[in-house]
Each structure stands twice: as C-alpha cells, then as structure tokens.
Amino acid sequence: PYAASKIAGEAFTLSFSHTNGYRPVVLRIFNAYGPGQSRAYAGVVSEFVSRVSAGEPPVIYGDGEQTRDFIHVSDVVEAVISAVEREEAKGVYNIGSGREVKIRELARIILEASGRGDLTPIHAPPREGDVRRSCADISRAVRDLGWKPRVRLEDGIRELVEHARKKGRL
C-alpha cells in the first residue's frame with residue numbers, strides 16, 4: 001500500500017501538470033537521515049542511534065541481509081535545489097546514494113562510530129511485507145540535475161553520532 005500510494009501521487013502530479021501546463025518534478029527520496037531527525041519519523045538510522053545512545057543494542061528485524069539506500073539530508077537539500085534551479089528538469093528522479101547497504105552493516109557502522117563495540121545487535125522476527133532490497137538508480141538525477149551525493153554513509157553516521165553526543169544522548 002505504501003508504494004502504491006507513492007505511485008498514485010506521482011501519476012496525479014504528472015497528469016495535473018500535463019493538464020495545467022507546468023513543469024513537473026518528482027523526487028523519490030530514499031532513506032534520508034541526519035541530525036535533528038525525530039523519532040516520530042524514525043527511520044532505521046535514527047532508531048539504531050537512539051538505542052545505542054541509551055546503551056541498548058540495535059534491533060534488526062530478520063537476518064539483517066535486507067538492504068536500503070541511505071542518503072544524508074544535506075544531499076537531499078542539494079537535489080531539491082538542483083531540481084528547482086534546472087529549468088530543463090522534468091519528471092521523476094530517484095534521490096539516494098546509489099549504494100545498497102545491508103542492515104547488519106548499518107548496525108556495525110553505528111556501533112563503531114559510537115564506540116559501542118560491546119553491544120551486539122538483537123535479531124527479531126522479520127516484518128511481514130518488508131522489502132528485501134532497495135537501491136536507487138540515480139543516473140537520471142546525476143545526468144539531468146547535475147547532482148550527485150557527496151556524504152558517505154560512514155561520514156554521515158559519524159556526524160549524527162557527534163550530534164547525539166552534543167545533545168547529551170550518547
């Protein structure tokens with residue numbers, strides 16, 4: 001249902017723009033993360049950092065082999081600016097890192113950046129309907145928007161952990 005709602009929104013936007021004569025640009029933003037992200041919209045990155053900050057191990061649903069494409073919020077902002085400023089930009093663009101990362105690898109990166117190698121991830125039963133693999137094909141965004149992600153996941157996680165430390169959460 002989530003994916004269907006996204007596709008329906010894109011179809012509505014493209015149809016409406018065709019009927020009303022404006023330039024449609026749709027950005028499909030993959031798993032965005034960064035400082036200030038609330039737990040109200042808790043992606044796996046913020047959830048893992050929150051748990052580790054509390055001295056609790058990350059919880060991995062399933063075997064941890066499922067993958068996601070993580071994109072730093074500053075890279076998302078740059079993509080939005082490029083989409084607005086490039087008048088030739090039109091249509092749907094995937095905004096991600098273009099890198100497929102296993103959830104167990106994400107947990108390792110966060111534990112390492114937090115200095116919490118003493119914690120071992122807990123595995124819980126897989127979530128029904130969970131997507132096994134997700135990775136953005138960003139080639140169109142690179143070509144048409146002149147955009148590419150700059151923040152490596154490991155660097156973004158270190159920044160996020162430092163932000164948590166400054167806020168007294170780690």
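Analyst: A helix here is a DSSP run of H or I with at least four residues, a strand is a run of E with at least two, and both are numbered from the N terminus. Happy to go through this predicted model with you on that footing.

User: Great, let's start there. In what order do the elements of the protein chain run from the N terminus on?

Analyst: The order is α-β-β-α-β-β-β-α-β-β-α-β-α-α. In total, the protein chain has six helices and eight strands. Its C-alpha trace spans about 55 × 35 × 25 Å along the principal axes.

User: Why are α2 and α4 called oblique to each other?

Analyst: Helix α2 covers residues 44-53 and helix α4 covers residues 103-114, and they pack at an angle of about 40°. Roughly parallel needs an angle under 35 degrees, and roughly perpendicular begins at 65. The angle of about 40° falls between those limits, so α2 and α4 are oblique to each other. Their axes are 10 Å apart, and α2 passes α4 in a right-handed crossing.

User: Which residues in α2 and α4 meet?

Analyst: From α2 come Val44, Val45, Phe48, Val49 and Val52; from α4 come Ile103, Leu106, Ala107, Ile110, Leu111 and Ser114. By class, this contact of α2 with α4 has ten nonpolar residues, one polar and no charged. Ser is outside the nonpolar and charged lists, so Ser114 is the polar one.

User: What makes α2 oblique to α6?

Analyst: Again, the angle decides. α2 and α6 pack at about 45°, with their axes 11 Å apart. That value is over the 35 degrees that bounds roughly parallel and under the 65 where roughly perpendicular starts, so α2 is oblique to α6. The crossing of α2 past α6 is right-handed. Val45, Val49 and Ser53 of α2 make the contact with Ile157, Leu160 and Ala164 of α6. Those residues divide into five nonpolar, one polar and no charged.

User: And why are α4 and α6 oblique to each other?

Analyst: They pack at an angle of about 50°, with their axes 9 Å apart. Since that angle too falls between 35 and 65 degrees, α4 and α6 are oblique to each other. The crossing of α4 and α6 is right-handed.

User: How do the residues of the contact of α4 with α6 divide?

Analyst: There are seven nonpolar, one polar and three charged. Leu106, Ile109, Ile110, Ala113 and Ser114 in α4 meet Leu153, Glu154, Ile157, Arg158, Val161 and Arg165 in α6. Glu and Arg count as charged, so Glu154, Arg158 and Arg165 are the three in that class.

User: Which elements give two or more residues to the largest nonpolar core?

Analyst: That core has 21 residues, and Val45, Phe70, Leu106, Ile110, Leu153 and Ile157 have the most contacts inside it. The elements that give two or more residues to it are α2, α4 and α6 (153-166). Its largest share, seven residues, comes from α4. Apart from this core lies another of 13 residues, including Ile71, Val76, Ala79 and Ala141. As background, nonpolar side chains tend to be buried together in soluble globular proteins.

User: What does Ile110 touch, not counting residues up to four places away in sequence?

Analyst: Ile110 touches Val45, Phe48, Val49, Val52 and Ile157.

User: Why does Val77 count as partly exposed?

Analyst: Val77 lies in helix α3 (residues 73-85). Buried would need under 20% relative accessible area and exposed would need over 50%. Val77 is at 42%, so partly exposed is the class that fits.

User: Why is Pro149 called partly exposed?

Analyst: Pro149 is at 22% relative accessibility, while buried means under 20%, so Pro149 counts as partly exposed. Pro149 is found in the loop between α5 (139-145) and α6. Leaving aside neighbours within four places in sequence, Pro149 is in contact with Ile71, Asp75, Gly96, Ser97 and Ile138.

User: How far apart are the C-alpha atoms of Pro149 and Glu78?

Analyst: They are separated by 8.4 Å, although the two are 71 residues apart along the chain. Val77 and Thr120, in turn, are 43 residues apart in sequence and 34 Å apart in space, C-alpha to C-alpha.

User: What share of the residues of the protein chain count as buried?

Analyst: Of its 170 residues, 37% count as buried. As for contacts with a separation of 6 or more, residues 24 or more positions apart account for 87% of them in the protein chain.

Technical notes. Residues are numbered from 1 along each chain as its sequence is written. This is a predicted model: local features need pLDDT of at least 70, side-chain atom pairs count only at pLDDT 80 or more; totals for chains, interfaces and linings use all residues. Side-chain values use heavy atoms; hydrogens and water are left out. Axes are lines fitted to C-alpha atoms, for helices over the stretch in contact, and angles run from 0 to 180 degrees between N-to-C directions. Angles under 35 degrees count as roughly parallel, over 145 as roughly antiparallel, 65 to 115 as roughly perpendicular and the rest as oblique. A crossing is left-handed if the near helix is turned anticlockwise from the far one by less than a right angle, and right-handed if clockwise. Contact means heavy atoms within 4.5 Å. A nonpolar core is a set of buried Ala, Val, Leu, Ile, Met, Phe, Trp, Tyr and Cys residues joined through side-chain atoms within 4.5 Å. Buried means under 20% relative accessible area, exposed over 50%, partly exposed in between (1.4 Å probe, protein chains only).
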